[in-house]
Amino acid sequence: MTLAERTNVWEREDLLTGCQAVSHAVRLADVDVIAAYPIRPYTEVMDQLSKIIADGQLDAEYIVADSEHSQFEIVKHASAVGARAFAGSSGTGWCYGFEALVVTATDRLPVLFLVGNRALDDPGAFGVEHNDALAVRDMGWLICWVSTAQEALEHVLLGYRIAEDPRVRMPMALAMDGAFLTHSQHVVKIPSPEAVRRFLPPYDLGDRRLHPDNPISIAPQVNEDWVIEMRRQNWEAARRARGVIADAYREFNAVFGERYEAPYYFKEFMTDDAECVLVGLGTVAMPGRTAVRRLREQGHKVGYVELKWFRPFPTEELRASLGRFKAVGVIDRDFNHGSPDDGGTVFHEVRSCLYPLRDRPRVVDFIVGLGGRDISIADCVQMFELTERSEDGSVAWLGLRE
Amino acid sequence: MIKRVEVNYRGIFQKTLGKRIGGDVVLIASRMGRVGFSNGRYSDSPERNGIPCKYFAFVSHDLSEEELEAECGAKLDIDEADVSVVVDDTMVKGVEPWGWHGIRPINEKVVAGGALLVVSRKPHGELLKFIGRKPYPYRLATIAGDASLAGLWVFKDDLTHERVLGGIAALDPGVVDLDAVVAYLEEKTGDPRRAEAARQAYDEVKANTSVVLPDQGVDWPHETPVLPKWFEFAEGAAVPAVPRGFQLGPRGQSRNPRFKRGTTKSERPVVRFDLCTKCTLCWQECPDQCFDPTPDGLYDVNYEYCVGCGKCAEVCPVKECIVMVDELRFDDDASPWERYSRDKLGYLEWAESKKGTDRVVHPHVTGTGRAVLEGERIPVGKVIPARRKQEVTAR
């Protein structure tokens, strides 16, 4: 009998949107400081959190900032003085605070941010695209995509635990697809505060905590005499994070029951004897896996790999996994104009990851679902068909009017 | 098998209502051992007053939640609906959330044998004067009631929510059945009146359901725009704008021909031109520039663009000169000033017949939030009757 079965780790079920599920997780993580600034689809998180605080369910400072830049600076500073902090944004709002996002990583402050993925306007659009979260991929961030409201709730808890680990101390971007996850109401299991406390220790910045009794100064002028060494520290932390992530999932399973399977960074579906797989981030996993089930009924050896962790990139594990297949189709809900082969960002990373293999699978790319255009089961079936017969490095746009 | 329910609601005023109906359908279905989830049509921007929007609930008896989501949740709009709910009957005139959608029939998604459930006090024949023809039979049902209109983030708790749940159970127990609706409401609210409201609505809908045959309804007068291919429009997100232009008279101002927003309104302003003092306030205050100055110093209304916000009626200083009237009493958007110019007494008679004597006011957005006052018929040629202060604030 597992600990989860012996103890009541789930308090209740409720019908929640992805945003509401995140808000409940922030409550359960007993966050100290929340900074908010509205932008769809993230806004519903701040709405719900203000209600949770007003209802007396969470004791936290809730600051509505004058812009995303201020919003992100507020939580960065709060984190430096030892407060567990939460913020979030979407699309161009996220980019507006970019300078603050960069320094939060450089200062190694483990704030958790919800990125409700949104197209980067202009033109005005609020549907999902992944370019917003991907914009921080080079900056020393943890970046993870979830595909259900239940996972979103659980990954806030996982995220704080991983980000705050003394071996990591990096900010975490928890990304979820605007509309399809942020605004869809699902029945979600909410854990008890006791169970969360067993899993998530209090935030402790140790001797890096900014406090009058601990006189330190963070991020002074250093120039070329220090910067490359400092970058090396960040580089090592990102490398160490891979091990910490796997540990955190194992500990999560120990408390909450067997929720996640190794290798944790991604989730494979019907890949055991597969020859052709699709790889994607976020909610496209639902039509993707459904397409797999249908194609399997017709005898096709296909599978789906839902990539969750993009930073740190699970190099070894993904290389070992995807190296078994003949062809890999990458679903990019992002754009990377003028890049090698004119492919999307995820495509480049996956292909680069497979490069050292002697017998590499063919890797093809699909630019789909931009601006929130839907990706149907039929679209995924078509992507499998194209992956099976396309040349390595080919890039196709699907679902656009042409 | 998948059951799809859509709730057509008006932005801001009914946003919470739509979401609660969708959410409760899922919670009730899950108590019945079914799988479900609910979402809104994300592109709607329901923060726009009165804009036609949709909320959805999906229920399945045999699919996993993931497969149900793959079929329904990965899509922005619904392909077909087993039950289309309409919580403001003026939406039967058509719905246009964005200009490029075009004005769509309210029953567009209803499947053969499916149901259109309208909260309305109108007889079915009256509603079918506006609803588009379908190539197959479907059912039309009504729950007698007024459109439940509340404010932003305000839920007007007037039992519309419970009654619609009862109505859905009456029309398609494959979504939820009455016993489950009643048990859920009793348990969740502890208030037997709520369950009773659902039960009564169930009986009411059973009694007020008619089959609509393919020859019933209108030939839909609006075209659905065909959107250009990626290489067929200007680069850099540059789109045609409204050319400058103004001349006196009806339709004299340049307006955006691609998005008129007229399907946003539940009521329209009816003007007694004979009482008008030419004070200009309606023209100045209209947030959508719907009033056209005419050569005789009056102000025509362009109903294609009017969103029914009521600002003109609110600022008009003359009693009974501009009155907001139920949109379903009108079957065209013709210029009222032209009608008046052709036949003054005939127009005034027509206008008063449309106004009737009921004057609906929304003194506050919560609670009942709706009052019907007695209007006054001002005789032609009487001295201009200014509104008293109380009459102004009552609105």
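In which sense, parallel or antiparallel, do strand β6 (residues 142–145) of chain A and β7(A) pair, and over how many bridges? The two strands pair in the parallel sense, over 4 bridges. The model described here is predicted. This briefing covers the strands around β7(A), the nonpolar cores, a buried helix, the domains of each chain, the contact between chains A and B, and a glycine of chain B.

**Strand β7 of chain A and its partners**

- In strand β7 (residues 172–177) of chain A, 6 of the 6 residues are buried, so the strand is largely enclosed by the rest of the structure.
- Burial applies to both faces of β7(A): one side carries Met172(A), Leu174(A) and Met176(A), and the other carries Ala173(A), Ala175(A) and Asp177(A).
- Strand β5 (residues 112–117) of chain A runs parallel to β7(A) and is joined to it by 6 bridges.
- Within the pairing of β5(A) with β7(A), Leu112(A) stands opposite Met172(A).
- On β6(A), Trp145(A) has Ala175(A) of β7(A) as its bridge partner.
- The connection from β6(A) to β7(A) passes through helix α8 (residues 149–164) of chain A, and this β-α-β crossover is right-handed.

**Nonpolar cores**

- In soluble globular proteins, nonpolar side chains tend to be buried together.
- The largest nonpolar core has 129 residues, and the members that touch the most others are Ala173(A) and Leu174(A).
- A separate core of 69 residues lies apart from it and includes Cys53(B), Tyr55(B), Ala141(B) and Ala197(B).
- Both Ala173(A) and Leu174(A) belong to β7(A), where they are buried on opposite sides of the strand.
- Beyond its neighbours within four places in sequence, Leu174(A) is in contact with Leu112(A), Phe113(A), Leu114(A) and Val115(A).
- Leu174(A) also contacts Cys144(A), Val146(A), His155(A), Val156(A) and Gly159(A).

**Helix α2 of chain A**

- Helix α2 (residues 18–28) of chain A has 11 of its 11 residues buried, so the helix is largely enclosed by the rest of the structure.
- The buried residues of α2(A) include Cys19(A), Ala21(A), Val22(A) and Leu28(A), and also Gln20(A), His24(A) and Arg27(A).
- Just after α2(A), Asp30(A) takes a positive phi of about 50 degrees.

**Domains of chain A**

- Chain A is assigned domain 1 (3–256) and domain 2 (266–397).
- The centres of domain 1 of chain A and domain 2 of chain A, taken over C-alpha atoms, are separated by 27 Å.
- Domain 1 of chain A brings 27 residues to the contact, and domain 2 of chain A brings 19 residues.
- On the side of domain 1 of chain A that touches domain 2 of chain A, at least two residues come from each of α7 (131–134), β6, β7 and α10 (227–256) of chain A.
- With 5 residues, α10(A) gives the most to that side of domain 1 of chain A.
- That side of domain 1 of chain A consists of 17 nonpolar, 5 polar and 5 charged residues.

**Domains of chain B**

- Chain B is assigned domain 1 (2–212) and domain 2 (262–394).
- A distance of 32 Å separates the centres of domain 1 of chain B and domain 2 of chain B, taken over C-alpha atoms.
- The contact draws 22 residues from domain 1 of chain B and 16 residues from domain 2 of chain B.
- The side of domain 1 of chain B that touches domain 2 of chain B has 8 nonpolar, 5 polar and 9 charged residues.

**Contact between chains A and B**

- Chain B and chain A contribute 24 residues each to their contact.
- On the side of chain B that touches chain A, two or more residues come from each of α1 (15–31), β2 (35–40) and α2 (65–73) of chain B.
- Helix α2(B) gives the most to this side of chain B, with 6 residues.
- This side of chain B comprises 11 nonpolar, 7 polar and 6 charged residues.
- Strand β8 (residues 184–191) of chain A runs antiparallel to β2(B), and 2 bridges join them.
- Ser184(A) stands opposite Asn39(B) of β2(B).

**Gly50 of chain B**

- Gly50(B) is placed in the loop between β2 and β3 (52–60) of chain B.
- Because 24 other C-beta atoms lie within 10 Å, Gly50(B) is buried.
- Beyond its neighbours within four places in sequence, Gly50(B) has contacts that include Arg10(B), Phe13(B), Thr264(B), Lys265(B) and Val307(B).
- Asp288(B) is 238 residues from Gly50(B) along the chain, and their C-alpha atoms are separated by 14 Å.

Note on methods: Residues numbered from 1 in each chain as written. Chains lettered and ligands numbered in written order. Predicted model: local features only at pLDDT ≥ 70, side-chain atom pairs only at ≥ 80, totals over all residues. Core = buried A, V, L, I, M, F, W, Y, C linked by C-beta atoms within 7 Å. Buried ≥ 20, exposed ≤ 12 C-beta atoms within 10 Å, placed from the backbone. Contact = placed C-beta atoms within 7 Å. Domains from an automatic or database assignment. Nonpolar A, V, L, I, M, F, W, Y, C, P; charged D, E, K, R; others polar. Pairing = 2+ DSSP bridges. Right-handed = clockwise from strand over helix to strand, strands pointing away.
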